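User: I am new to this structure. Please take a close look at the part where the two chains meet, and then work inward from there.

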There are 2 protein chains.
Amino acid sequence: MRPVSIVGIGQIPVKKAYYRSLREIAAQVVRLAMEDAGVDRVDALFAGNMLSDELQGQKQLAALIADEAGLYGIEALAVRAATASGAAALRMAYLAVASGEADLAIAVGVEKMSEGVATPALAKALDARYEVAAGATLLSKNAELMRLYRQRYNVPEDAFVNFAVNAHANARHNPNALFRQRVTARTVRRSRVVMEPLRLMDCSPICDGAAAVVLAPRDEARAYTKQPVHILASSVATDRFRVSDRKDPLMLEAARLSAFKAFRLANVNREDISLYEVHDAFSIMACLLLEAVGFAEPGQGWRLAAEKEIGLRGRIPVATMGGLKARGHPIGATALYQTCEIVLQLTGRAGKNQVKDAKIGLLQSVGGAATTLLTHIFGV
Amino acid sequence: MRPVSIVGIGQIPVKKAYYRSLREIAAQVVRLAMEDAGVDRVDALFAGNMLSDELQGQKQLAALIADEAGLYGIEALAVRAATASGAAALRMAYLAVASGEADLAIAVGVEKMSEGVATPALAKALDARYEVAAGATLLSKNAELMRLYRQRYNVPEDAFVNFAVNAHANARHNPNALFRQRVTARTVRRSRVVMEPLRLMDCSPICDGAAAVVLAPRDEARAYTKQPVHILASSVATDRFRVSDRKDPLMLEAARLSAFKAFRLANVNREDISLYEVHDAFSIMACLLLEAVGFAEPGQGWRLAAEKEIGLRGRIPVATMGGLKARGHPIGATALYQTCEIVLQLTGRAGKNQVKDAKIGLLQSVGGAATTLLTHIFGV
């Protein structure tokens, strides 16, 4: 297997609603990423998207994006893992280059949630027969986990508040973030309850966005960019599909498995991680992921937020450019936004959000109720 | 890149409607393929499916199948290329093993078209904005191509009849085929017109099915089976998305590109091909594919059928176990059925359908209106 590097990135601001179509914003970031890499052709394109079947009535999306971007003839396939679909596209592009089947591959993520009603389509990430039929949504599943967490660990009322405060503080200087206004603990605390105990400010927003990265073999990376970022590991694991079948719903087994496999593949320790782009679709999910990866003991993840250890100067900076909460969570695009952000951090281009001496970045992407977990580790 | 072989296959009869659920029939073929390979664990599972979002209300299908098959914890991702989704899953499993990321991977295809109305969901393979909005379906696109072909080449009324006759003749001895009764040229000729000039017997049926194959590195293949079949090439190409944007709609550019790339990768010539599992979703598509790959000159593909050169003893046997027309075309499962059938042919286990001295098998899978094309070449 040959090592793989990122040699170009492309992203556009996350918005509540783009007037331009799904295919247009996807093709735009494809071109931006290719421009950044200084190439006008790639061998393969892998697309991550979750909702275009329902919201745009569109399948075969990868071929459509390739056509719209003028990349006639190339390989183009779509990859799916529900809310982790962007990371799945990154992994497939990685496999294409690592195997030698492609010398240049692009992973593009796109979602346009502003067209139609996203919630029922999102819920299809859960078990249609046993969960959705009983009324479950991704929101209700996360509310369930948060209730269980509160009960088991008896945490203070404000335990999760700082996840949103941190994300919004970091989004302020990210030109691609959806929410750039300051948010205080008081705002979070007073936001309305969406589903007990989840407040609005515990939840990432419905939005539109697209992002892309270009991958090349590591030993050719400097032909395309002065600052390549290397993919040190890519791994996937799954958990029991239904939360109710898990031994301990608060221990995210797939997150633990894929993280530990990635640490082994990358030959790094948890202590080596400079920043962690966590899947903070809901604050409880960020908390549970910090525990699954081992940054905190079970029941202690919220303390990292409360004690500001997740800040840019903290022990383990998370959501360094705003996270899913404040940069926004256009589902299929999210992991590619996070990859772009990690590239900016590791190459010293994160501006006011720069994590000092950032060397190794960790990315985790969650499909459904932490059912499919993808972990990527990046380094320079 | 390390060479990859098929070390186990699993398939179940194609039916109009399975009482059992999508997840159950998928898990069944996963277990059958693993049994055939003599393994009780794989590293990764790649699922091909096109319609579960609409027909079963289910996303994150790969993780669901892994769970249902008892493969807790493994990597599981779904891959999409509309009607070629099964071949996309095969390619991803191939990349996972070729790259060294997985030592054993399973590609599973499944479709259950009997639940709900498949046609509008199938049409999403076309351009939602410019084709579907104007009333196009996969049926109408193929009727359009057939009209154009008839006009340009002024072929006899019966030009396409023998595609169906050949497929049905071959299905008779395939226990997994949907249609096993004999079909005469007269039956085909007299079948009702579905959309001028397409007759019912020009079209593959709506049905349910599932099939799977296990892949391993070639140099370990004999640890799992006495008769490994090697994947000599895997390639993908795309065409302009809309048929109306193509220079010549009757020259399937993506089929030509991916076939020629595959011939190069496998280091074989067209003349070396022992049998060709063609994507005969519509007889016109089979005809155009034979021309794109070069088995016939433009305008002459139908002659191969008319002159019975596509029969088991013909110059280029196609649809040797019944093809999409008569074995059936449960979309996401189709390419995996075809792979299983090629494995049976190349290992001398095709019974009454055995192609003599079969050494090299060609498989092509068509996404949408020949927009995404996957070519796989297999050898022993």
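Analyst: What follows starts at the contact between the chains and then moves to the parts behind it.

The model is predicted. Start with the contact itself. Chain B gives 47 residues to it, and chain A gives 47 residues. On the side of chain B that touches chain A, the elements that give two or more residues are helix 2 (52–55), helix 3 (61–68), strand 3 (75–80), helix 4 (85–98) and strand 8 (229–238) of chain B. Strand 3 of chain B supplies the largest share of that side, six residues. By kind, the residues of that side of chain B are 25 nonpolar, twelve polar and ten charged.

Now look at strand 3 in both chains. Strand 3 (residues 75–80) of chain A pairs with strand 3 of chain B. The sense is antiparallel, and there are three bridges. One residue pair can be named here: A:R80 has B:A78, in strand 3 of chain B, as its bridge partner.

How are the copies related? A turn of 180° with a shift of 0.0 Å along the axis lays chain B on chain A, with an RMSD of 0.0 Å. That is the relation of a two-fold axis. The interface residues tell a matching story: 100% of those of chain B are also interface residues in chain A, so the copies meet through the same surface.

Helix 3 offers a single residue to follow. A:D67 lies in helix 3 (residues 61–68) of chain A. Is A:D67 buried or exposed? A:D67 has 23 other C-beta atoms within 10 Å. A residue counts as buried at 20 or more, so A:D67 is buried. Leaving out residues up to four places away in sequence, A:D67 touches A:Y72, B:R240 and B:F241. Two of these names carry the letter of chain B. Within chain A, A:D67 and A:R23 are 44 residues apart in sequence, yet 9.3 Å apart in space, C-alpha to C-alpha.

Strand 8 of chain B, one of the elements at the contact, leads inward. This strand is mostly covered, with nine of its ten residues buried. Strand 8 of chain B pairs with strand 1 (residues 4–11) of chain B in the antiparallel sense, over three bridges. There, B:S5 has B:H230 as its bridge partner. Strand 8 of chain B also runs antiparallel to strand 11 (residues 372–379) of chain B, and eight bridges join them. In that pairing, B:S235 stands opposite B:T375.

Next comes the loop after strand 1, seen in chain A. A:I12 lies in the loop between strand 1 (4–11) and helix 1 (22–37) of chain A. A:I12 counts as buried, with 21 C-beta neighbours inside 10 Å. Neighbours within four places in sequence aside, A:I12 is in contact with A:I25, A:Q28, A:V29, A:N176, A:G209 and A:A210. The C-alpha atoms of A:I12 and A:A212 are separated by 9.6 Å, although the two residues are 200 residues apart along the chain.

A:V29 and A:A210 also appear among the contacts of A:V108. Others that A:V108 touches include A:L45, A:I65, A:A89 and A:L336. A:V108 belongs to the largest nonpolar core, which has 324 residues. Those with the most contacts inside this core are A:L45, A:V108, B:L45 and B:V108. In soluble globular proteins, nonpolar side chains tend to be buried together.

Last, turn to the helices of chain B. Helix 10 of chain B has eleven of its eleven residues buried, so it is largely enclosed by the rest of the structure. Among those buried residues are B:I284, B:C287, B:L290 and B:E291. They pack against helix 6 (138–153), helix 7, helix 9 (253–266), helix 11 and strand 10 (360–367) of chain B. After helix 10 of chain B comes B:G294, with a positive phi near 100°.

Helix 7 (residues 161–171) of chain B is mostly covered too: ten of its eleven residues are buried. They include B:V161, B:F163 and B:H168. Their cover includes helix 8 (185–190), helix 10 (283–293), helix 11 (301–306) and helix 12 (323–327) of chain B.

Methods: Residues numbered from 1 in each chain as written. Chains lettered and ligands numbered in written order. Predicted model: local features only at pLDDT ≥ 70, side-chain atom pairs only at ≥ 80, totals over all residues. Contact = placed C-beta atoms within 7 Å. Helix = DSSP H or I, 4+ residues; strand = E, 2+ residues; numbered from the N terminus. Nonpolar A, V, L, I, M, F, W, Y, C, P; charged D, E, K, R; others polar. Pairing = 2+ DSSP bridges. Least-squares fit on C-alpha atoms with pLDDT ≥ 70 in both. Buried ≥ 20, exposed ≤ 12 C-beta atoms within 10 Å, placed from the backbone. Core = buried A, V, L, I, M, F, W, Y, C linked by C-beta atoms within 7 Å.
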